[in-house]
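I opened this one with a fresh page and a cup of tea. These are my notes, in the order I looked things up.

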Amino acid sequence: MTVYDAKNIQFVWKGVTLTGTGDDHAYSITQVNSSFTPYKGVQGEGLNIVNNNRQWIVTRTFKVDSISLPMLSEDNMNCVEDTLVVRDLNTGKDDVFSECVIESVEGEKDAATRTVKWHALGRNNK
């Protein structure tokens, strides 16, 4: 049985595979709004309606000397919108985030890493 390796996660932004991730290879994918909106009908029936307003926040840490970090910082300043692909080489699955912009590039001035935060409106064409 193979062990899951966090190093085997690739981020592809604007068709370029990003390099120079932080030593911990940390990343996260969170959903801003819930997937469903509860609805109660006229006769008291309850159902859940898909919430098309849900959004995604994706973060990844990069070393300050990363080759990719200047490009990401520039895209943040220019409000570039593109597609972000998170490729899991352990499982062979891809998550495609569409209508995606870089919300921020954060980190302490003397820190060894910066955290890039993307904001996406769609995930896997949904």
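**Entry 1: a patch on the surface**

I began on the outside, where Tyr 39, Leu 47 and Ile 49 make a nonpolar surface patch of about 270 Å². I kept in mind that this is a predicted model. Leu 47 belongs to strand 5, which covers residues 46–50. I looked up its exposure too: Leu 47 has a relative accessible area of 39%, so I noted it as partly exposed.

**Entry 2: the core**

Next I went inside. Which residues have the most contacts inside the largest nonpolar core? I found Phe 11, Trp 13, Leu 72, Leu 84 and Trp 118, in a core of 17 residues. At least two residues of this core come from each of strand 1 (9–13), strand 6 (56–63), helix 1 (69–77), strand 7 (81–88), strand 8 (93–106) and strand 9 (113–123).

I then picked out Leu 72 and listed its contacts, leaving aside residues up to four places away in sequence. Leu 72 touches Trp 13, Leu 18, Phe 62, Ile 102, Val 105, Val 116 and Trp 118.

**Entry 3: helix 1**

Leu 72 led me to helix 1, where I found Leu 69, Leu 72, Asp 75 and Asn 76 buried. Looking down the helix axis, I saw these buried residues fall within an arc of 125°, so they line one face of helix 1. What do they pack against? The buried residues of helix 1 pack against strand 1, strand 6, strand 8 and strand 9. On the face turned away from the buried side I noted the exposed residues Pro 70 and Met 77.

I also checked what follows the helix: just after helix 1, Cys 79 has a positive phi of about 55°.

**Entry 4: salt bridges**

How many salt bridges are there? I count three.

I took the pair involving helix 1 to start with. Lys 14 bridges to Asp 75, and their closest N and O atoms are 3.1 Å apart. Lys 14 sits in the loop between strand 1 and strand 2 (16–17) while Asp 75 sits in helix 1, so the pair ties together parts 61 residues apart in sequence. Is each partner buried or partly exposed? Lys 14 is partly exposed, at a relative accessible area of 32%, whereas Asp 75 counts as buried at 5% relative accessibility.

Another salt bridge joins the side chains of Arg 87 and Asp 94, at 3.4 Å from N to O. Here I have both partners down as partly exposed: Arg 87 at 27% relative accessibility and Asp 94 at 38%.

I also looked up Asp 95 and Arg 123, a salt bridge whose closest N and O atoms are 2.7 Å apart. This pair links distant parts of the chain, with Asp 95 in strand 8 and Arg 123 in strand 9, 28 residues apart. Asp 95 counts as buried, because its relative accessibility of 18% is under the 20% cut-off.

**Entry 5: positive phi angles**

I finished with the backbone. Glu 99 is not a glycine, yet its phi is positive, about 50°. I located Glu 99 in strand 8, and it is partly exposed with a relative accessible area of 46%.

Where is Asn 124? I found Asn 124 in the segment after strand 9. Asn 124 also has a positive phi, near 55°, in a residue other than glycine. At 30% relative accessibility, I entered Asn 124 as partly exposed.

Technical notes:
Residues numbered from 1 in each chain as written. Predicted model: local features only at pLDDT ≥ 70, side-chain atom pairs only at ≥ 80, totals over all residues. Heavy atoms only, no water. Patch = residues over 30% accessible without salt bridge, like charges linked within 9 Å, V, L, I, M, F, W, Y side chains within 5 Å. Areas by Shrake-Rupley, 256 points an atom, 1.4 Å probe, with all protein chains shown as cover. Salt bridge = Lys/Arg side-chain N within 4 Å of Asp/Glu carboxyl O. Helix = DSSP H or I, 4+ residues; strand = E, 2+ residues; numbered from the N terminus. Buried < 20%, exposed > 50% of the residue type's maximum accessible area, 1.4 Å probe, protein only. Core = buried A, V, L, I, M, F, W, Y, C linked by side-chain atoms within 4.5 Å. Contact = heavy atoms within 4.5 Å. Arc of directions from axis to C-beta.
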